[in-house]
Amino acid sequence: GSASRNSSSTSGTGVATVSSSRGTYESTSSKDGELKKSNNFNDRPINNNPRPRYGEVAPPPHGYQTMHYNNIDYCHYNGIYYRPYAGSYIVCRPPIGAIIPITYISTTLATIVVNDTYNRPVNYYYDDGVFYSLYGSNYTVIRPPMGAVVAWMPSDYEEFYIGTAIVYVSDGVVYRGTINGGYEVIGYRTK
């Protein structure tokens with residue numbers, strides 16, 4: 001299927017906004033044309049770490065821990081987060097801004113280095129679409145930093161075309177492939 005582009009605008013900073021029936025995307029690499037969902041499921045660049053699918057309705061396993069954030073009780077078990085949904089639970093990412101004890105991290109995080117506005121390198125940490133920064137002896141979940149390059153796409157991404165360029169969208173974050181084989185954060189889906 002395809003989603004046609006409804007509007008496009010460009011700011012002086014080179015960031016283009018592309019609106020479609022699926023939402024609005026801000027991108028530094030968008031071109032005039034149509035935003036089309038790709039049906040190419042071959043060679044999908046994902047992390048092969050097995051876990052429940054995001055958005056899947058599933059009760060948390062016995063032995064879960066509870067994390068209260070923004071008036072919601074999230075359940076956590078073995079690196080997987082669940083939030084209440086329609087009388088049950090749905091598999092989700094931890095919310096941006098949440099402080100995560102290091103003991104909640106059940107996998108090795110990839111270190112991502114991104115230069116700040118003063119061109120100083122800053123370390124961030126990544127796993128399957130979730131970006132973290134150190135917060136004392138814990139982690140805090142952050143909005144994916146622009147320019148961050150990851151080795152693999154989150155497991156729930158969707159592929160779109162903007163003109164002839166392919167972009168990947170996962171949980172509102174827009175990525176593009178790099179010439180070195182990684183995937184760069186280039187924008188955010190706005191609601």
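## Surface and burial

About 10600 Å² of the chain is exposed, and carbon and sulfur atoms supply 48% of that area. The model is a predicted one, so keep in mind that every value here is computed from predicted coordinates. Of the chain's 191 residues, 41% count as buried.

Contacts across the sequence are worth a look too. Taking contacts in the chain between residues at least 6 apart in sequence, 53% join residues at least 24 apart.

## Confidence along the chain

The mean pLDDT of the chain is 79, and 73% of the residues reach 70 or more. Two stretches call for some care. Over residues 1-35 the pLDDT stays under 50, and in the model this stretch has 94 contacts beyond four places in sequence. Residues 41-47 also have pLDDT below 50, with 15 contacts in the model beyond near neighbours in sequence.

Where pLDDT is low, predicted coordinates should not be read in detail. The contacts of residues 1-35 come from a stretch with pLDDT under 50, so please treat them in that light.

## Strands and an open sheet

By secondary structure, the chain has 18 strands and zero helices. Four of the strands make up an open sheet in the order 5-6-7-8, with antiparallel pairing. At its edges lie strand 5 (65-69) and strand 8 (88-92), each of which pairs on one side only. From one strand to the next, the twist averages 35°.

Inside this sheet, strand 6 (residues 72-77) and strand 7 (residues 80-85) run antiparallel and are joined by three bridges. Strands of a sheet pair through backbone hydrogen bonds, in either a parallel or an antiparallel manner. On this pair of strands, Cys 75 stands opposite Tyr 82 in strand 7.

## Two cysteines without a bond

Searching the whole structure for disulfides gives zero. Cys 75 is in no disulfide, and its nearest cysteine sulfur, that of Cys 92, is 9.2 Å away. Why is there no bond between Cys 92 and Cys 75? A disulfide needs the two sulfur atoms within 2.5 Å, and because the sulfur of Cys 92 is 9.2 Å from that of Cys 75, the closest cysteine sulfur, the gap is too far for a bond.

Are these two residues buried or exposed? The cut-off for buried is under 20% relative accessible area. Cys 75 counts as buried because its relative accessibility is 2%, and Cys 92 counts as buried at 11% relative accessibility.

Notes
Residues are numbered from 1 along each chain as its sequence is written. This is a predicted model: local features need pLDDT of at least 70, side-chain atom pairs count only at pLDDT 80 or more; totals for chains, interfaces and linings use all residues. Side-chain values use heavy atoms; hydrogens and water are left out. Buried means under 20% relative accessible area, exposed over 50%, partly exposed in between (1.4 Å probe, protein chains only). Two strands pair if DSSP finds at least two bridges between them. Helices (H or I, at least four residues) and strands (E, at least two) are DSSP runs, numbered from the N terminus. Axes are lines fitted to C-alpha atoms, for helices over the stretch in contact, and angles run from 0 to 180 degrees between N-to-C directions. pLDDT is the predictor's confidence in each residue, from 0 to 100. Contact means heavy atoms within 4.5 Å. Accessible areas come from the Shrake-Rupley method with a 1.4 Å probe; for residues, only the protein chains shown count as cover.
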